[in-house]
Amino acid sequence: MAQQHDLFDDIIDISKGLGALKNPFGDLTDTLMGAPAPEKPQWNPADYKERPRANTIPCLLCKYEKSSCSACMDACPVDAITIEEGGIEISDACRKCGLCVSACPTECFFSPKIQPKKLYDAIAAAAAAHETAYVTCTRALRRIPRDNEVVLACVGDVPTEVWFSLLADYPNLSVYLPLDICANCRNTTGEEQLGEFIATAEEWAGAGLGLEVEAKDLTCVRRREYERKEFMDNIMRTTGLVVSKLNPATAALASVTQKLRDHSNRLSELERTLTAAAGVNTEKRRRVLIQGRQLMLSALQQHPELAQNVRVRVPECDFSRCAMCGECVRQCPVHACDLVGAGRFKVEEQYCVGCGLCTEVCPNRALAMVERDGAALVVPDPEEEKKAADAAKAKAEAAAAKAEAKRKLDQMLDRVEKLAE
């Protein structure tokens, strides 16, 4: 449904036009006066690339040399990664594409530009403020990006969990990749990784991601509610007037910054909840909640109906074979595995990343990876549960009070009838 255009929108449109008239001869005046021309940002693809660093502690192959994991090496298009004798080496051949970062199941590769939380914030900020947000790569764009365009070294840098958490909240996302742009790219594994991540995320979220292949189809239109909120904030900063009180409709509009802050607060609260419930195993090792899993859990907490779409792999124990040796507990990179009670195997599914290392190190092959839906990943929100409990209690008290009032009224009517007789 189209939004009604009101006085505030007219004022915003007029202010846009006036903005261009503030200094119409600015460049010409600067030239005549001999003033240096302002520096314009230059397009440099290197600004969006960064060589990743590696942490050997959560690396599966570093922990167990017989591990079958080779995700990072399979993703690297130039074979720049070598893992030997418990160490990870990234050679100078690295193209800084970042594909190893998103491919690693335990997030042992680190790149500040493409951390899962930073990716989410950048894409969510563009989607919250604009009608459409685009995710693209340096080869596809080849120019300074606009506010609603998020440029990466490779679009395959966005892992499934990040796409899923974004699609759960923002249906206005698109990928911009011209036809055959990936076929001619030297990041040969990027297209395959991109397709796998997006397909899985779309299946989990039950929503599709847009695709643009023509540069002329890219738009940059801000959401009206964002423009209104920005306009009101500017007035408040310059005049000190609390305009939102003058127009109640604007009071309910949340800024993009506030949305991202609320999301960050939800992530922090989620981690605190999990830590309080199962943050340490029986060997006093603190469980590790990687960023991608944290984003996925937050999305499921807000949209529990999507849990049935999510498919995860978790270890299942055949207790007849289990010798309770504890090797699975010691080798788990995120400390999700545990031996509880009388030494029975247990896994905290919220923390488990499905890497399968526990099944590989088990000497008796008592563990096997099985596929399940995401029902066990939905973390109850204590505040929402408290509100629901308080509401149910208030409803019960109101019903009891109503019943008591009805009983007293019936007694009074009985007495009136007896007096009338």
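This section covers a parallel sheet, a pocket, the cavities and the salt bridges of a predicted model.

Four strands form an open sheet with parallel pairing. Their order is S6-S5-S7-S8. Strand S6, residues 149-152, stands at one edge, and S8 stands at the other. Each of these two has a single partner strand, so one side of each is left without a neighbour in the sheet. From one strand to the next, the twist averages 25°. Strand S7 spans residues 173-176 and pairs with S8 in the parallel sense. Three bridges make up this pairing. In one contact between strands, Ser-174 has Gly-210 of S8 as its bridge partner.

Strand S8 also takes part in a pocket lining. The pocket concerned is the second largest, with about 240 Å³ of space. Its lining counts 16 residues. Closest to the centre are Val-175, Leu-177, Glu-191, Leu-194 and Leu-211. Helix H9 (190-205) and strand S8 (210-212) each supply at least two lining residues. The largest share comes from H9, with 4 residues. By class, the lining of this pocket has 12 nonpolar residues, 3 charged and 1 polar.

Closed spaces were examined as well. Rolling a probe the size of a water molecule over the atoms shows where empty space is left. The model holds 8 cavities of 30 Å³ or more. The volume of the largest cavity is about 110 Å³. Lining this cavity are 16 residues. Nearest its centre lie Cys-322, Met-324, Cys-325, Cys-328 and Cys-362. The lining of the largest cavity divides into 12 nonpolar, 2 polar and 2 charged residues.

Charged side chains meet elsewhere in the model. In total, the structure holds 15 salt bridges. One of them joins Asp-338 to Arg-287, with 3.5 Å between the closest N and O atoms. This pair links distant parts of the chain, 51 residues apart. Asp-338 belongs to strand S10, residues 337-340. Arg-287 sits in the loop between helix H13 (256-278) and helix H14 (291-302). Both Asp-338 and Arg-287 are buried.

A second salt bridge brings together the side chains of Glu-349 and Arg-372, at 2.7 Å from N to O. Distant parts of the chain are again linked, here 23 residues apart. Glu-349 lies in the loop between strand S11 (344-347) and helix H16 (357-361), while Arg-372 lies in strand S12, residues 367-373. The two ends of this bridge fall into separate accessibility classes. Glu-349 has 12% relative accessibility and therefore counts as buried, the cut-off being under 20%. Arg-372 reaches 30% and so counts as partly exposed.

The side chains of Arg-285 and Glu-283 also meet in a salt bridge, at 3.8 Å from N to O. Arg-285 is partly exposed, with a relative accessible area of 29%. Glu-283 is likewise partly exposed, at 36% relative accessibility. Salt bridges also link Arg-143, Arg-146 and Glu-149 in a network.

How values were computed:
Residues numbered from 1 in each chain as written. Predicted model: local features only at pLDDT ≥ 70, side-chain atom pairs only at ≥ 80, totals over all residues. Heavy atoms only, no water. 1 Å grid on protein atoms, 1.4 Å probe; cavity = no way out; pocket = protein on both sides within 12 Å on 5 of 7 lines; lining within 4 Å. Points joined across faces, edges and corners; volume = space filled by probe spheres on them. Nonpolar A, V, L, I, M, F, W, Y, C, P; charged D, E, K, R; others polar. Salt bridge = Lys/Arg side-chain N within 4 Å of Asp/Glu carboxyl O. Buried < 20%, exposed > 50% of the residue type's maximum accessible area, 1.4 Å probe, protein only. Pairing = 2+ DSSP bridges. Axes fitted to C-alpha atoms, helices over the stretch in contact; angles between N-to-C directions.
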